Amino acid sequence: MRPPDSEGAERRLCLLFLVLSLFFSASLLLSCGRGDAERRGETLPEERKLIVYTSHKEEVYRPLILEFEAKTGIFVELHAGGSTEMLKRLEEDSGYSECDIMFGGGVELLEADKEFLEPYRSSYADQIAGRFLSSDDSWTAFTELPLVFIYNNKLLSEGEAPKSWRELLTERWRGRIAFADPERSGTSYTILQTILSLCPGREDEALEDFARALSGESAGGSGEVLSEVESGEKLMGITLEESAWKEIARGEDLSLVYPEEGSSAVPDGVAIAKNAPHPENARRFVDFCVSDEVQRYAVDELYRRPVRTDIPGPGGEDFPVLPLSIEKMGREKNALLERWAELSKGGGE
């Protein structure tokens, strides 16, 4: 497959100009606003601050944070790490007013930690597809993220590449699959839940089969999954659609597969921390993430699918969406991760 078609060189050049303009204008604001204040020994007033915990890669969060700062005059203190890692930090900081926003991580992880979140219904909620809405407004969906398989064209042909989730549970792929540690990667937790959804009545057996197929090995994070496939260390990997398209657009000799049974498409999200020190700025950031401008940017530049019904997607392949309950995934998180840790230690044996 080829990446989704662009809508013309002229439009992409305009978008690039817009992004660069925002980048430089935001950088100027940062240097002239916060920098001048610091040089004068002043501190920024609280009404101009926002503390963000994010699990997004820098290529995702940096242009968005810079644009938010440029548009609002609010300056962001950023803390980045893996989704599970940052959520644990959010739990530890609860009650100490050290975080305003959790930006990133699958919404099933946000659902599991919603006791540490402050409900907020975005002003754009009516434009968001119903399947992406939180039942109690604990979180707001940011983008839809389908799971796909990715393989190295130098090592596998299209006919040799895996076509289904069930195929990954067999001996054929033992030790050949790149998969991130779900203790650090929210994407990998979604992968485990996706596999379980296809094996009703034999969930634990399916977990054992998958752990055996991995031979007890896992990548340190989602980014390392792509690196292991690109280097040939692993023949194939499981990753997000947007991550796969980005690598292909960068010139990596990779192909992706939409599993024949279908795939999950759990969105990532943004949420306000309980006891947020800057709650009004936090609400502005949530609305910013699902604004028309940012959702279109996510489609055109980040290879992501929007959560708004009034914005067209990137034109990627349609696929059957496996029904996963966000609430159920949230409830099961701790128990499933504990069981997976047991199986991983023994290599699935």
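A residue is called buried when its relative accessible area is under 20%, and exposed when that area is over 50%. By this criterion Lys234 is buried, because its relative accessible area is 6%. The structure discussed here is a predicted model, and Lys234 offers a convenient point of entry. Lys234 is found in the loop that runs between α7 and β8. Its side chain reaches the backbone oxygen of Gly175 at a distance of 3.3 Å.

Strand β8, which follows that loop, belongs to an open sheet of 4 strands arranged in the order β7-β8-β6-β9, with mixed pairing. β7 (177-178) and β9 (254-257) stand at the edges of this sheet, and each has a single partner strand, so one side of each is left without a neighbour in the sheet. The pairing of β7 with β8 is parallel and extends over 2 bridges. Within that pairing, Ala178 has Gly237 of β8 as its bridge partner.

A further set of strand pairings involves β1, β2, β3 and β10. Strand β1 (residues 49-54) pairs with strand β2 (residues 75-80) in the parallel sense, over 6 bridges. One of the positions concerned is Lys49, whose bridge partner in β2 is Phe75. Helix α2 (residues 58-72) joins β1 and β2 in a right-handed β-α-β unit. β1 also pairs with β3, again in the parallel sense, over 3 bridges, and here Tyr53 stands opposite Met102 in β3. The pairing of β3 with strand β10 (residues 268-273) is antiparallel and comprises 4 bridges; in β10, Asp268 is the bridge partner of Gly106. β3 is mostly covered, with 6 of its 6 residues buried. In a regular strand the side chains alternate between the two faces of the sheet.

Helix α5 (residues 186-197) is also mostly covered, since 11 of its 12 residues meet the criterion for burial, which is a relative accessible area under 20%. The buried residues include Gly186, Thr187, Tyr189, Ile191, Leu192 and Leu196. What should the span of α5 be at 1.5 Å a residue? Its 12 residues should span 16 Å, and the C-alpha atoms at its ends are 17 Å apart, which agrees. The N-terminal end of α5 is capped by Ser185, a side-chain oxygen of which lies 3.3 Å from the backbone nitrogen of Thr187.

Thr187 also has a place in the description of the largest pocket. About 720 Å³ of space lies in this pocket. Its lining is made up of 42 residues, and those closest to its centre are Ser55, Lys57, Thr187, Ser222 and Leu240. Several elements already introduced contribute to the lining: α2, β3, α5 and β8 (236-240) each supply at least two residues, as do α3 (83-93), α7 (222-231) and α8 (241-249). Which element provides the largest share of the lining? That share, 6 residues, comes from α7.

Enclosed spaces are treated separately from the pocket. A search of the whole structure finds 3 cavities of 30 Å³ or more. The largest cavity holds about 70 Å³ of space. Among the residues that line the largest cavity are Tyr120, Arg121, Ile128, Phe132, Leu133, Asp137 and Trp139.

Two further residues show how positions separated along the chain are placed in space. Asp204 lies in helix α6 (residues 203-214). Is Asp204 buried or partly exposed? Asp204 is partly exposed, with a relative accessible area of 33%, a value that lies between the 20% and 50% limits. Its side chain makes a polar contact with the side chain of Arg339, at 2.9 Å. Asp204 and Leu343 are 139 residues apart along the chain, and their C-alpha atoms are separated by 10.0 Å.

The second of these residues, Ile311, lies in the loop between β11 (305-306) and α11 (326-345). Ile311 is buried, because its relative accessible area of 6% is under the 20% limit. Ile311 and Gln295 are 16 residues apart in sequence, and the distance between their C-alpha atoms is 7.6 Å.

Terms used:
Residues numbered from 1 in each chain as written. Predicted model: local features only at pLDDT ≥ 70, side-chain atom pairs only at ≥ 80, totals over all residues. Heavy atoms only, no water. Pairing = 2+ DSSP bridges. Right-handed = clockwise from strand over helix to strand, strands pointing away. Expected span 1.5 Å × (residues − 1). Buried < 20%, exposed > 50% of the residue type's maximum accessible area, 1.4 Å probe, protein only. Polar contact = N/O pair within 3.5 Å; in protein donor to acceptor, adjacent residues only side chain to side chain. 1 Å grid on protein atoms, 1.4 Å probe; cavity = no way out; pocket = protein on both sides within 12 Å on 5 of 7 lines; lining within 4 Å. Points joined across faces, edges and corners; volume = space filled by probe spheres on them.
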